Amino acid sequence: MALFSAPVLVIAALVFQNTAWSEAEPAVAIPAPLQDEAPTAGAHLETAVFAGGCFWGVQGVFQHVKGVTSAISGYTGGMARTANYETVSMGMTGHAESVQVIFDPAKVTYGQLLQVYFSVAHNPTELNRQGPDYGTQYRSAVFPLSDAQAKVAKAYIAQLNASHKFSTPLVTTVEQHARFYPAEKYHQNFLNDNPNYPYIVINDLPKVEQLKQLFPALWSKEPVLVKS
C-alpha cells in the first residue's frame, strides 16, 4: 500500500477508482477446518501470526473478532535490522507484512482464526501480491508458533484445496521459526483511525463488513485497538 499526504487524498481516490482494483474482492464462504487444536486446561492466551497483503486490513479484520485480545501490525520472516517499513517495502528482506494475533482459545480457536484469515482477511490464491500491492512482502503466509499450529494450518490448506471452494489452488506458505517485529506506531489501528482513507475505503472496509456478514457469531462491534 502507499501512504498519501492530505493534499493528495482526492487525487489518490480518483486514481484508485480508475484502476482494475477499484473494488475489493468478495469473501469466499468456506467450511470450518476438520482439524483444530485440542482444548487445553486452564486459563491462558495463545499467539498466532498471519500475513495476507497490507497489514492495515488484516489487522482491522482481526480486531473485530471475538476472543481476540490484541492484533498488532508488524513484519515477519526477515532479520531484526530490516524490520522497518521503508526497507521492507523494497521487497528484498524476506519479511512479510503480518499481524500478530493474541487470542483466548476458550472463545475462538486457532482453526476459526484460520477460517477468517482464508475467507475474509485476504485472497489466499494470489501469489506475492494482494489487491493493488505487489511483492514478496505481501505474500500469503502463516507463521505457526508451535507444531500444533503448523499441523492445523497444513491440514486446512489441504482441505480447502480439496474442496475447490477457490477457483485456483492456495499459494499460502507455512513458515515456521520466524520472528515477529511490531511495525511503526503510525501503522497501528490504521483502518480504525483512517476510515475515509481511499485505500482503506476501497480495499479494507469491505473485509470488515464481510466478517460481520459471514461470521456473525465471531463478530465484535468494538475493535480491540493497540494502545499507545
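**Buried helices and loop residues in a predicted model**

In helix H5, the residues Gln149, Ala150, Val152, Ala153, Tyr156, Ile157, Gln159 and Leu160 are buried. The structure described here is a predicted model. Helix H5 covers residues 147–163 and has 17 residues. At 1.5 Å a residue, a helix of this number of residues should span 24 Å, and the end C-alpha atoms of H5 are 24 Å apart, so the expected and computed values agree. The buried residues of H5 are covered by several elements, including strand E1 (46–52), helix H4 (110–121), strand E6 (140–142) and strand E7 (173–174). After H5 comes His164, which has a positive phi, near 60°.

One of the elements covering H5 is helix H4. Two packed helices are described by the angle between their axes and by the distance between those axes. For H4 and H5, the axes come within 10 Å and cross at roughly 45°. This angle makes H4 oblique to H5. The crossing in which H4 passes H5 is right-handed. On the side of H4, the contact is made by Tyr110, Gly111, Leu114, Gln115 and Phe118. On the side of H5, Gln149, Val152, Ala153, Tyr156, Ile157 and Leu160 take part. By residue class, the contact of H4 with H5 consists of eight nonpolar residues, three polar residues and no charged residues.

Helix H2 was examined next. Eight of the eight residues of H2 are buried, so this helix is largely enclosed by the rest of the structure. The buried residues are Phe55, Trp56, Gly57, Val58, Gln59, Gly60, Val61 and Phe62. What covers them includes strands E1, E2 and E3 (96–103), together with helices H4, H6 and H7 (198–214). Strand E1 and helix H4 are thus among the elements that cover buried residues of H2, and both are also among those that cover buried residues of H5.

Gln63 lies in the loop between helix H2 (55–62) and strand E2 (68–76). Gln63 is buried because its relative accessible area is 2%, and buried means under 20%. With neighbours within four places in sequence left aside, Gln63 is in contact with Ala71, Asn189, Glu222, Pro223, Val224, Leu225 and Val226.

Asn189, one of the residues in contact with Gln63, is found in the loop between strand E8 and helix H6 (190–193). Asn189 is not a glycine, yet it has a positive phi of about 60°. The relative accessible area of Asn189 is 8%, so this residue is buried. A positive phi, of about 65°, also occurs at His177, which is likewise not a glycine. His177 is found in the loop between E7 and strand E8 (180–182). His177 has a relative accessible area of 79%, and is therefore exposed. Of these two loop residues, Asn189 is buried, whereas His177 is exposed.

For the protein as a whole, the secondary structure comes to seven helices and eight strands. The protein has 228 residues, of which 50% count as buried. Among contacts in the protein with a separation of 6 or more, 81% are accounted for by residues 24 or more positions apart. The contact of Gln63 with Asn189 is one example of a contact between two loop residues of the model.

Technical notes:
Residues numbered from 1 in each chain as written. Predicted model: local features only at pLDDT ≥ 70, side-chain atom pairs only at ≥ 80, totals over all residues. Heavy atoms only, no water. Helix = DSSP H or I, 4+ residues; strand = E, 2+ residues; numbered from the N terminus. Buried < 20%, exposed > 50% of the residue type's maximum accessible area, 1.4 Å probe, protein only. Contact = heavy atoms within 4.5 Å. Expected span 1.5 Å × (residues − 1). Axes fitted to C-alpha atoms, helices over the stretch in contact; angles between N-to-C directions. Parallel < 35°, antiparallel > 145°, perpendicular 65-115°, else oblique. Left-handed = near helix turned anticlockwise from the far one by under 90°. Nonpolar A, V, L, I, M, F, W, Y, C, P; charged D, E, K, R; others polar.
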